[in-house]
Structures are given as C-alpha cells and as structure tokens.
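Here's a quick briefing to read alongside the coordinates. Grab a viewer and follow along.

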Amino acid sequence: LTTFLTMAYIIAVNPNILSEAGMPAGALVTSTCLGAAIGCFLMGLLANMPFALASGMGLNAYFAYTVVIGMGVSWHIALTAVFVEGIIFIILSLFKVREAVVNAIPKNLKLAVSGGIGLFIAFIGLKNCGLVVANESTLIEMGDFNIAIIITCIGLVVTAVLSKKNVKGSILIGIVISSLLAWGFALISPEAAANLGIYLPNGVFKFESPLPIVNKLDFTYITNPETAFNFITVLCTFLFVDFFDTVGTVVGVASKANMVDEDGKVENVGRALLSDAIATTIGAWLGVSTVTTFVESSTGVLEGGRTGYTAITAGVLFLIAMFFSPIFIAIPSCATAPALIYVGYLMLTSVKEIEFENITEGVPAFITIGGMALTYSIGDGLTLGVLS
C-alpha cells in the first residue's frame, strides 16, 4: 500500500507529460496503470522481489520534450524506440550482461548508491512540497512557508513519531493524514489550495479506453537510411539512461532490504532486470514510455516488504486505480513528500557502513551520493561514481 501511494502520482503526471507529445490523456491514464500493473506482476512472479514498476520520470520527459517536440519525431516512432530498447534489454538480461554489471559494482559503492538514492528522494520530497525552490543565482533556495509545507511537516512528524513507537504502516498513515488535511484545506479554501496544487477528487469512478494508443508502433523510421541515424541516437539515449537508472535503483533498494549476500551479489537480480525489460517492451506496445523499477519501492521495503507479494499488491492497486483514477490523481505532492523525506533519512543511514577512511573506496562513494542528488538523476550519479 505504501509503495503504491508514494508512486500513485505517476497516474496523473505521466499522462500530463506524454499528452504534450500529442497523445490522448484519457487513454494514457489507462495505459499507464496497465503498464505499471503488468510490470509489478512480472517482478513479483518472476523475480519474487518487492520492487514496483511504472513509466519512469525523466524518461517520459525525454520522450515528450526532446524526442517528439524537440526532434520533430512522431510519438509512434518514439514508442518504437522504447519497444526496441526493451527487446535489447531482454537479450542483455538473458545473456546476464546487466546482471554482471550489477554484481561488478563494489560493496562500498552499493552502500553509496543506497545512501545517494536516500538523499535524492528526500530532495524530491522537499521540492515537491515547495520547501526547496529554484533560484537563478544559487540554483536552489528555501521556499515561502505555506499551508502545503505545514501539511508536509505534520505528515513527517506523524510518520517519525509512529515509527519511533514501532507502529506498523507509519509511512502509509502519514500519507493518509496529510491527504485528508490537504483535502480539508481545499474544501475550506478552494482557490488558495489550487494555487498550491491541492485539489479535491473530481469524482470517484472513471475509465477511458486505451485503444487510441495501443499497438501504434511505427518501424518505417528504422528502414529509411535518412532517418535511421536519428532513431539510433534516440534509442541509445533511452538505453543508457534506463540501464543505469534501473541498476542504481535495484542495487540501492536491495542493499537497504538486506538482499545483498556476503559477496556483494544481489539476490535474483537477473530475474528482476529481465522483468523490468519485458515490462518496458509491453509498456511500449500499450502506448507508454519506458516502464522501469521505481525508487519509491524503497518506502514499501522499509515498511517490511521483502517478497514479490509487495510488487503484486502494488500491481493490483494499479488495476483498481484504472477505474478510480480521480481519487489517486488528487493525492497531492505535500501528502507524499513526508514519505519521501522520511525514507530518504532511512536510506541515508547505510552510509555509516562505507569505508570512508579508505580514500579509494570513500571518494567514489562520496561522488555517487552527491552526484545522484545534485544531478537529479540516479543514473548520472551512479555513472560518475563508477567512472571515479
């Protein structure tokens, strides 16, 4: 439940971004839920891992703004690039290439990835609630204190106090209380709430057909010599970003879940990466950008999720959300921010096991941790750490 609620924002955000590429928003809501559900079921059944999947943030923005709008490529062709990427990843996973990369990452770097993800998702939470905002001179600064930030602070205190008291589901309770407070504010002052991105659910039941975007792949771009190079460029970017994002997320969350053995190998990592690859391929056929393992899975893992049942439950909830999307779309950022900030703290605790006194281990670890938060990318942070 906690994993699902912290990533339910994707039901609203993914259609919002991909519709900029000219795709119908209603169909995107259904396909986003379907792609996420299939990915979660694959992860639970094939890999028995507590990781949930959905269309990845960053990759969906690259899909819409860089490929479709920037390069003038149709969304049908962009989906084809995602589909081919998924096929390539299936092959790499079957030949254990991705698994070898994961297992080759040293133990200290694995711990750094977990800590880096903690700092990164805490930063996302702080940004989402408006406590951290952009500044032209200093890049970031503290935002103006408002109701959304107060709701986030209340949610964070509730989560921390309940965790201290060993109450099961403390993160989930924090999300629910924050959502109810936000909706209460929207009831009292709709205009002020709307300015802070807080809205009441505009209904309960809603379902839209995904057929306008299902099976709309277009392979003509690959066969045309004039456009083939452009297609390869797009494909390589999708491959590179998704490769390191997924590896980073799986390594970081698995480390925190004690799923790494004494030799530093992640349990069932090959099957987890294969599930991710198949989900990407099916997702492209359904009409959504790259389906990938979500870093928000760490929230459920830290609530005690250890098996594929966690992923399957999240998948079932995505299927239900397909029919009740107005409710899940209305969960505001200030309600999920406390969960992200608190889980960021929990994940950052892994850094105490890093051998910082050994410079050859400590410096790459530090670069990985700082890189993830400061480049706003798990993949970029991991890449910088591996190179160093």
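What follows is a short tour of one cavity, a few helices and a couple of individual residues.

Keep in mind that this is a predicted model. The tour starts with a cavity of about 30 Å³, moves to α12, which helps line that cavity, and then takes in α13, S170 in α9 and I329 in α16.

**The cavity**
- The count comes to one cavity of 30 Å³ or more, and the volume of the largest cavity is about 30 Å³.
- Its lining is made up of V67, V73, I77, A78, A81, Y221, N230, F231 and V234.
- Two helices, α5 (75–94) and α12 (225–256), each put at least two residues into that lining.
- Chemically, the lining splits into eight nonpolar residues, one polar and no charged.

**Helix α12**
- Does the length of α12 agree or disagree with what you'd expect from its residue count? It agrees, because 32 residues at 1.5 Å a residue should span 46 Å, and the end C-alpha atoms sit 47 Å apart.
- At the start of α12, look for a side-chain oxygen of N224 that comes within 3.0 Å of the backbone nitrogen of E226.
- After α12 comes N258, which has a positive phi, near 55°.

**Helix α13**
- α13 covers residues 269–286, and its 18 residues should span 26 Å at 1.5 Å a residue; with the end C-alpha atoms 25 Å apart, that agrees too.
- Of those 18 residues, 14 are buried, so α13 is largely enclosed by the rest of the structure.
- G287 follows α13, and its phi is positive, near 105°.

**S170 in α9**
- S170 belongs to helix α9, which runs over residues 170–188.
- Is S170 buried or exposed? With a relative accessible area of 4%, S170 falls under the 20% cut-off, so it counts as buried.
- Setting aside neighbours within four places in sequence, S170 contacts T159, L162, S163 and E303.

**I329 in α16**
- I329 sits in helix α16, residues 325–329.
- I329 has a relative accessible area of 38%, so it's partly exposed.
- Which residues does I329 touch, once those up to four places away in sequence are not counted? They are I11 and A12.
- I329 and A8 are 321 residues apart along the chain, yet their C-alpha atoms are separated by 7.3 Å.

Notes
Residues numbered from 1 in each chain as written. Predicted model: local features only at pLDDT ≥ 70, side-chain atom pairs only at ≥ 80, totals over all residues. Heavy atoms only, no water. 1 Å grid on protein atoms, 1.4 Å probe; cavity = no way out; pocket = protein on both sides within 12 Å on 5 of 7 lines; lining within 4 Å. Points joined across faces, edges and corners; volume = space filled by probe spheres on them. Helix = DSSP H or I, 4+ residues; strand = E, 2+ residues; numbered from the N terminus. Nonpolar A, V, L, I, M, F, W, Y, C, P; charged D, E, K, R; others polar. Expected span 1.5 Å × (residues − 1). Polar contact = N/O pair within 3.5 Å; in protein donor to acceptor, adjacent residues only side chain to side chain. Buried < 20%, exposed > 50% of the residue type's maximum accessible area, 1.4 Å probe, protein only. Contact = heavy atoms within 4.5 Å.
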